[in-house]
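Me: I have a protein model on my screen and plenty of "why" questions about the words used for it. Could you go through them with me?

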Amino acid sequence: MKHRAARSWQKISIRVDARMTDAVSAYLAALTDSGLEISVPENGQTKTAAAFPIETITAYVPIVLTEPDGDPAAKKIEDLKQFLTKAERIFPYCPAPVLHIETIMEEDWGKNWKSFFTSLQISPTLTIKPSWETAEPFQGEGEDKKLVIEIDPGLAFGTGHHASTQLALLLLEELFQDSGRRFEKILDVGTGSGILAMACGLFGAREVVAIDNDPDAVETATQNVLRNHLEGRVAVSGREVSSLKAGFDLIVANITHDILADLAKLLASLINPRGFLVLSGILKGEQECSVVGIYEKNGLACIKSLVKDEWAALQFQKK
């Protein structure tokens with residue numbers, strides 16, 4: 001089997017005054033077209049009118065040395081530096097942002113992520129655990145049954161520790177716990193490690209279609225599905241969402257604001273009447289309002305939102 005060359009990334013970390021977080025996060029998410037990590041305020045502080053903590057925003061950009069016009073990661077970092085200079089003028093009452101760039105090699109990534117990935121209880125009935133820890137046995141029946149998702153994220157994002165994933169899982173679990181709703185066919189767009197698709201399978205979905213345009217994610221999610229004995233319910237592939245036909249009772253997508261905005265019309269067309277949509281990977285505030293507006297124009301009503309840290313997840317129902 002021929003393996004691709006090892007990858008490397010530029011890890012971008014920006015320390016900012018909390019009052020700048022939304023603006024800088026929105027720009028960085030659009031620039032990198034990827035998910036972000038926003039740290040908990042230092043020293044356990046919370047935002048108040050009198051004190052604004054420093055927060056750290058982190059993103060990863062792949063290094064590509066084969067592009068004829070040079071490495072796009074380097075260009076993005078230069079654009080980011082220019083934006084941060086402008087941000088200093090827009091927020092003169094805030095300390096200047098501090099940018100730190102670090103190169104992360106794939107072999108280091110594969111060795112190091114295990115050190116911080118531990119079991120995590122998402123809800124009273126759902127736990128996510130790494131493959132190298134001993135699983136708790138299933139307990140109880142029906143609503144009292146304890147569910148465990150065992151994953152090895154490999155080179156795909158999705159351990160359940162990020163707020164956007166946790167919010168999506170909570171909204172999905174709530175939908176399945178409503179005894180009046182039955183979901184026969186579900187679509188997970190941008191499945192990553194497969195965590196949301198597998199959760200739907202464990203919650204009781206009959207068929208889950210999980211897609212991702214990253215071959216590493218497809219391979220990782222496929223292995224995780226096998227590890228959790230869900231191959232009869234969850235099918236993972238690299239299919240394009242545009243190749244799918246309508247008929248989904250529920251669609252879930254934990255990706256970036258801009259991609260969600262571009263997919264709005266298509267996703268809305270794939271959902272059955274009175275079907276549901278769960279979106280995550282959205283920054284609360286401006287991005288949250290933007291997504292609600294775009295999807296409501298495409299025939300979906302926002303019926304619930306959850307917020308954690310700087311992130312929001314939204315639940316829609318097709319009118």
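Reply: Gladly! This is a predicted model, and a good place to start is with its aromatic rings, which form six aromatic pairs.

Me: What makes the pair of Y27 and F83 stacked?

Reply: Look at the angle between the ring planes. Planes under 30 degrees apart count as stacked. For Y27 and F83 the planes are at 0° and the ring centres 4.0 Å apart, so this pair is stacked.

Me: Why is this pair said to tie together parts of the chain?

Reply: Check where each ring sits. Y27 belongs to helix α1 and F83 to helix α2, so the pair ties together parts that are 56 residues apart in sequence.

Me: How do you know whether Y27 is buried, partly exposed or exposed?

Reply: Buried means under 20% relative accessible area, exposed means over 50%, and partly exposed is in between. Y27 has a relative accessible area of 25%, so Y27 is partly exposed. Its partner F83 has 18%, so F83 is buried.

Me: And the pair of F176 and F203: why is it called tilted?

Reply: Planes under 30 degrees apart would be stacked and those over 60 edge-to-face, with the rest called tilted. The planes of F176 and F203 make 45°, so the pair is tilted. Their ring centres are 5.5 Å apart. F176 lies in helix α4 (residues 163-177) and F203 in helix α5 (residues 195-203), so this pair ties together parts that are 27 residues apart in sequence.

Me: What makes F176 and F203 buried?

Reply: Use the 20% limit again. F176 has 15% relative accessibility, so F176 counts as buried. F203 has 16%, so F203 counts as buried too. Ring pairs also link F176, F183, F203 and F276 into a cluster.

Me: How do you know which class Q177 belongs to?

Reply: Q177 is found in helix α4. Its relative accessibility is 47%, so Q177 counts as partly exposed. As for where it sits, the C-alpha atoms of Q177 and G204 are separated by 9.8 Å, though these residues are 27 apart along the chain.

Me: What makes K185 a charge over the ring of F248?

Reply: The distance part of the test asks for the charged atom to be within 6 Å of the ring centre. K185 lies over the face of F248 at 5.0 Å from the ring centre, so the distance part is met.

Me: What makes L28 and L250 stand out in the largest nonpolar core?

Reply: That core has 59 residues, and L28 and L250 touch the most other members. Leaving out residues up to four places away in sequence, L250 touches L172, L175, F176, F183, K185, I186, L187, F276, L277 and V278. Another core, of 26 residues, lies apart from the largest one, and A253, L277, L279 and I282 are among its members. As a general rule, nonpolar side chains in soluble globular proteins tend to be buried together.

Me: Why are β2 and β4 called edge strands?

Reply: Four strands form an open sheet in the order β2-β3-β1-β4, with antiparallel pairing. β2 (37-38) and β4 (98-105) each pair on one side only, and they are the edge strands. Inside the sheet, nine bridges join β1 (residues 8-17) to β3 (residues 54-62), and K11 stands opposite Y60 in β3.

Me: Which helices lie across this sheet?

Reply: Helix α1 (residues 21-32) lies across β1, β2 and β3, at about 5° to β3. Helix α2 (residues 72-90) lies across β1, β3 and β4, at about 10° to β1.

Me: How do you know that β5 and β6 pair?

Reply: Two strands pair if there are at least two bridges between them. Three bridges join β5 to β6 (residues 126-130), so the two strands pair, and they run antiparallel. For instance, T127 in β6 is the bridge partner of Q121. Helix α4 packs on this sheet, touching β5 and β6, with its direction at about 45° to that of β5.

Me: And what does the chain look like as a whole?

Reply: The chain comes to eight helices and 14 strands, and buried residues make up 48% of its 319 residues.

Note on methods: Residues numbered from 1 in each chain as written. Predicted model: local features only at pLDDT ≥ 70, side-chain atom pairs only at ≥ 80, totals over all residues. Heavy atoms only, no water. Contact = heavy atoms within 4.5 Å. Axes fitted to C-alpha atoms, helices over the stretch in contact; angles between N-to-C directions. Core = buried A, V, L, I, M, F, W, Y, C linked by side-chain atoms within 4.5 Å. Buried < 20%, exposed > 50% of the residue type's maximum accessible area, 1.4 Å probe, protein only. Phe/Tyr/Trp six-rings, centres within 6.5 Å; stacked < 30°, edge-to-face > 60°. Lys NZ or Arg CZ within 6 Å of the ring centre and 35° of its normal.
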